[in-house]
Amino acid sequence: MNIFRLAGDMTHLASVLVLLLKIHTIKSCAGISLKTQELYALVFVTRYLDIVTDFISLYNTVMKLIFLGSSISIVWYIRRHKIVRRSYDKDQDTFRHYFLVLPCLVLAILINHKFTFKEIMWTFSLYLEAVAILPQLVLLQRTRNIDNLTGQYVFLLGAYRAFYVLNWIYRHYTEPHYVHWITWIAGIVQTMLYADFFYYYFQSWKNNVKLQLPA
């Protein structure tokens, strides 16, 4: 554990709390992509298959349970909650997210650290997480009406992965033989997808204007 890893975990946790705050208090999921939330639920389900077989630490287990439980509950709220689901913009959230799943699975089968079911699923979760934000970014570009909580959620989600990239760099220079190319490349791709959003987010913050993405 180092400061960059901890900062990454805390910003990731903060992003989840911000989204849950929006859903619970405002009873709205306006501007939130169900497609992205379903992809994240799949990411965590396939990544944390070891939760019942391998114990690393209490911190590790608690964080896994939080991300698993929150991702599944968010999908349930958007799909099933009688009030929240009314605010879901199905007509705008049309990204065909299932087209992302199969290529990521095939890539995980072909390129992995070890050809076992658990390892392939873990690698698949890395590839899928790298592109899971795409439906959300496309939805924000289409609606262009981004409320503060939605903007903060996406920003914190991007910041979490950026901190993890710094964590990998730090560990590479402080730990002997620390090399994880699959994790690094997937994480860098994921962070790069946020570059455009980060630019407009900081521009809106600097100029004190409402966040809008170009169509």
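**Figure 1. N208 sits in the segment after α9.** This is a predicted model, and our first stop is N208. Is this residue buried or exposed? N208 has a relative accessible area of 71%, and anything over 50% counts as exposed, so N208 is exposed. Its backbone is worth a look too: phi of N208 is near 55°, a positive value in a residue that isn't glycine. Most residues other than glycine have a negative phi.

**Figure 2. K27 is in the loop between α1 and α2.** Here's another residue with a positive phi: K27 isn't a glycine, and its phi is near 55°. How much of K27 is open? Its relative accessibility is 33%, which lies between the 20% and 50% cut-offs, so K27 counts as partly exposed.

**Figure 3. Helix α1 covers residues 3–26.** Count along this helix and you get 24 residues. From the first C-alpha to the last, α1 reaches 33 Å, close to the 34 Å you'd expect at 1.5 Å a residue. Which residues of α1 are buried? Among them are G8, D9, T11, H12 and L13, and further along you'll find V18, L19, L20, K22 and I23. Notice that the list includes D9 and K22. And what do the buried residues of α1 pack against? They pack against α2, α3 and α7.

**Figure 4. E38 has its place in helix α2.** Is E38 buried or exposed? Its relative accessibility is 18%, and the cut-off for buried is under 20%, so E38 counts as buried. Skip the residues up to four places away in sequence, and E38 touches V75, R79 and H97.

**Figure 5. D93 lies in the loop between α3 and α4.** The two helices on either side of this loop are α3, residues 58–80, and α4, residues 98–110. D93 has a relative accessible area of 2%, so it is buried. What touches D93 once you leave aside its neighbours within four places in sequence? The contacts are S33, L34, K35, Y88, P135 and L139. Now find T36: it is 57 residues from D93 along the chain, and the two C-alpha atoms are separated by 9.5 Å.

**Figure 6. Helix α8 runs through residues 181–193.** How does the span of α8 compare with what's expected? Its 13 residues should span 18 Å at 1.5 Å a residue, and the end C-alpha atoms are 18 Å apart, which agrees. The buried residues of this helix are I182, T183, W184, A186, G187, Q190 and T191. What covers them includes α2 (34–47), α5 (117–131), α7 (148–174) and α9 (195–207).

**Figure 7. Q190 and T191 are both buried in α8.** Start with Q190, which has a relative accessible area of 2% and is therefore buried. Leaving out neighbours within four places in sequence, Q190 is in contact with Y40, E129, A130, Y160 and R161. Where is A132? It is 58 residues from Q190 along the chain, yet the C-alpha atoms of Q190 and A132 are separated by 8.5 Å. Next up is T191, with a relative accessible area of 18%; that is under the 20% cut-off, so T191 is buried as well. With the same neighbours within four places left aside, T191 is in contact with R161, A162 and V165.

**Figure 8. Stepping back, the whole protein has nine helices and zero strands.** Read from the N terminus on, the elements go α-α-α-α-α-α-α-α-α. Why would we call the overall size a match for a compact globule? With 215 residues, such a globule would have a radius of gyration near 17 Å, and the protein has 17 Å, which agrees. Along its principal axes, the C-alpha trace spans about 45 × 40 × 35 Å. Buried residues make up 48% of the 215 residues. If you take contacts with a separation of 6 or more, 76% of them come from residues 24 or more positions apart. The accessible surface comes to about 11600 Å², and 66% of that belongs to carbon and sulfur atoms. Finally, there are 21 positive and 12 negative charges, and their mean positions are 6 Å apart.

Methods
Residues are numbered from 1 along each chain as its sequence is written. This is a predicted model: local features need pLDDT of at least 70, side-chain atom pairs count only at pLDDT 80 or more; totals for chains, interfaces and linings use all residues. Side-chain values use heavy atoms; hydrogens and water are left out. Helices (H or I, at least four residues) and strands (E, at least two) are DSSP runs, numbered from the N terminus. The radius of gyration is taken over C-alpha atoms; the globule rule is 2.2 Å times the number of residues to the power 0.38. Buried means under 20% relative accessible area, exposed over 50%, partly exposed in between (1.4 Å probe, protein chains only). Contact means heavy atoms within 4.5 Å. Accessible areas come from the Shrake-Rupley method with a 1.4 Å probe; for residues, only the protein chains shown count as cover. Lys and Arg count as positive and Asp and Glu as negative; His and the chain ends are not counted. The place of a charge is taken as NZ of Lys, CZ of Arg, CG of Asp or CD of Glu. The expected span of a helix is 1.5 Å times one less than its number of residues.
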